[in-house]
Amino acid sequence: MRLKILLIAISLAAAVPASAQTSRFSPALLDRPDVKRALQSVDERATAIVDEWIHLVEIPAPSKKEQARAAYIRAEMQKLGLTDIRVDDMSNVSGVRKGSGGGPAVVFAAHMDTVFPEGTPIKVSREGDILRAPGVGDDTSNLMAVLEMFRALNRANIQTNGDLIFLASVQEELGLLGAKHWLETSGYKPDMFIAVDVGADDVWYGALRITQFKFFYTSPGAHTMESRGGPSPAKAVARGINALYNIPLPPIADGLGSFKLPVVNVGMLGGGTVFNAVPREAWFTVDLRSLDTPTQDRLTAAVTAAARNAANEEGVGFRVETQMGIDYTKAQPKQQRLDHPLVQTALAVANHFRKPGTPLIAPADVGSTDANIAVSMGIPAVAIGAVRERLPHRLEENADASSIVPGIKALISLAVALTTR
Ligand SMILES: [Zn+2]
């Protein structure tokens, strides 16, 4: 009998979704007078917020050249009265909104850099509700949303128990370098890390394994007239790229929306200096992404072997530069990451504030944001977004202006839910 009761208890527990057990968000929170005031204040400022978002987009911030944007954010942090405002040696900007104690310290991170090189026209054009400009979404929209979230908490005098840390990071697009530096050197040991760096319909609790290679092929070179039949770095590049795309990949993982993983992508290629000679050097780059370390290791070996083999077949020199291998040995297992109150609260909030009539948001075990660094360090982490945006990393990038208001409200609700006992 006891056994039977125990079994029933176990099956009941299993029937309750993890979200009901660990989410700290309840819609009742939104009726708390101070929270209500904070949310209302965002509605009142809707126009000003979009104007400031446009202004931020138009402050150029290519990776490694984020200084002007960093100065802007630093000044706003000062106006907010955050404590311990810092600009570190890479230009990461951070500040703390102190809690009264007894709650977790939660980082809200948005990156300042964009993928677009200096000189790219970044003036925002507006058609109805759509804002168009390179960088309007990734990640300027979320930078604006996090800034306004802190302001709204101040306007409503919301007192949290835990500290809220605002991190405006740099060089995210170069391999999460700013956040890595900040997490490793700032001295902060946050309890949770939120990268606000995806779309409003995304809740990512994983970390993609990402490895980036640059393969170089070299030769002494030769005049075109003397080159017939001889080894060529250009031909080796062609062979290498061809071989890479013939590596058999595992089936596409489920539940990732438009993403098709694992994947190998050749993003850049180049070499040579003149029409009439064999190049002394030619190269291409590879971006390899998968969902788990064993697959990534296996594909890394296959990619490297294929590239090297192309050099051997062609009889040219070969070398590899590998960028960004994050060590995930300290990452928590998938189920533990998914069940964490941070992820479940973020999910509940995202669903509460999602556009009416749109499908329920499901969490995805992916990530290619600053949250990856936290995941790799075993810190509970999630990537979320405040805005509906499209075509990141492309000149056609655009976003829905009005979506930032519910997005900011979601951030406020998440911040309060997580840092209030
Ligand atoms: Zn981004």
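**View 1. Across from Gly270, in strand 13, stands Trp283.** In this predicted model, local features are described where pLDDT is at least 70 and side-chain atom pairs where it is 80 or more, whereas totals for chains, interfaces and linings use all residues. Residues are numbered from 1 along each chain as its sequence is written, and side-chain values use heavy atoms, with hydrogens and water left out. Strands (E, at least two residues) and helices (H or I, at least four) are DSSP runs, numbered from the N terminus, and two strands are said to pair if DSSP finds at least two bridges between them. Strand 11 pairs with strand 13 in the antiparallel sense, over 7 bridges. Strand 9 also pairs with strand 13 in the antiparallel sense, here over 10 bridges, and Phe213 has Val286 of strand 13 as its bridge partner. Of the 10 residues of strand 13, 8 are buried, so the strand is largely enclosed by the rest of the structure; buried means under 20% relative accessible area, exposed over 50%, and partly exposed in between, with a 1.4 Å probe and protein chains only.

**View 2. Helix 9 (residues 293-314) and the elements that cover its buried residues, strand 13 among them.** The 22 residues of helix 9 should span 32 Å at 1.5 Å a residue, and the 32 Å between its end C-alpha atoms agrees with this; the expected span is 1.5 Å times one less than the number of residues. Buried residues of helix 9 include Thr295, Leu299, Val303, Ala307 and Glu314. The buried residues cover an arc of only 155° around the axis, which puts them on the same side of helix 9; the arc is that of the directions from the helix axis to the C-beta atoms. Their cover includes strand 9 (209-218), helix 8 (233-244), strand 11 (263-271), strand 13 (281-290) and strand 14 (317-323), where contact means heavy atoms within 4.5 Å. On the face turned away from the buried side, helix 9 carries the exposed residues Pro294 and Asn312. Gly315, just after the helix, takes a positive phi of about 75°.

**View 3. The zinc ion and its coordinating residues His111, Asp138 and Asp197.** The coordinating atoms are NE2 of His111, an OD atom of Asp138 and two entries for OD of Asp197, at 1.9 to 2.8 Å. Donors are N, O and S atoms within 2.8 Å of the metal (3.2 Å for Na, K and Ca), and a site may look incomplete because water is not among the atoms. Along the chain, the donors of the zinc ion follow the spacing H-x26-D-x58-D. His111 lies in strand 3 (residues 106-111) and Asp197 in the loop between strand 7 (192-196) and strand 8 (203-204), so this pair ties together parts that are 86 residues apart in sequence. Both His111 and Asp197 are buried. The 4 donor atoms subtend angles of 50 to 148° around the zinc ion, which makes the arrangement irregular. Four donors count as tetrahedral if all angles lie between 85 and 135 degrees; four count as square planar and six as octahedral if opposite donors are over 155 degrees apart and all others between 65 and 115; anything else is irregular.

**View 4. Strand 3, which carries His111, with its partner strands 6 and 7.** Val106, Phe108 and Ala110 point one way from strand 3, while Val107, Ala109 and His111 point the other way, and all are buried. Strand 3 runs parallel to strand 6 (residues 164-169), to which 6 bridges join it, with Phe108 opposite Phe166. Strand 3 is also parallel to strand 7, through 4 bridges, and there the bridge partner of Val106 is Met192.

**View 5. Helix 3 (residues 33-44) and its packing against helices 4, 6 and 13.** In helix 3 the buried residues are Asp34, Val35, Ala38, Leu39, Ser41 and Val42. These residues cover an arc of only 155° around the axis, which puts them on the same side of helix 3. They pack against helix 4 (46-57), helix 6 (140-155) and helix 13 (404-419), whereas Pro33 and Glu44, on the other side of helix 3, are exposed.

**View 6. The hairpin of strand 1 and strand 2.** Strand 1 (residues 83-87) and strand 2 (residues 93-97) pair in the antiparallel sense over 3 bridges, and Arg86 has Ser94 as its bridge partner in strand 2. Between the two strands lie 5 residues, and Ser91 in the turn has a positive phi of about 85°.
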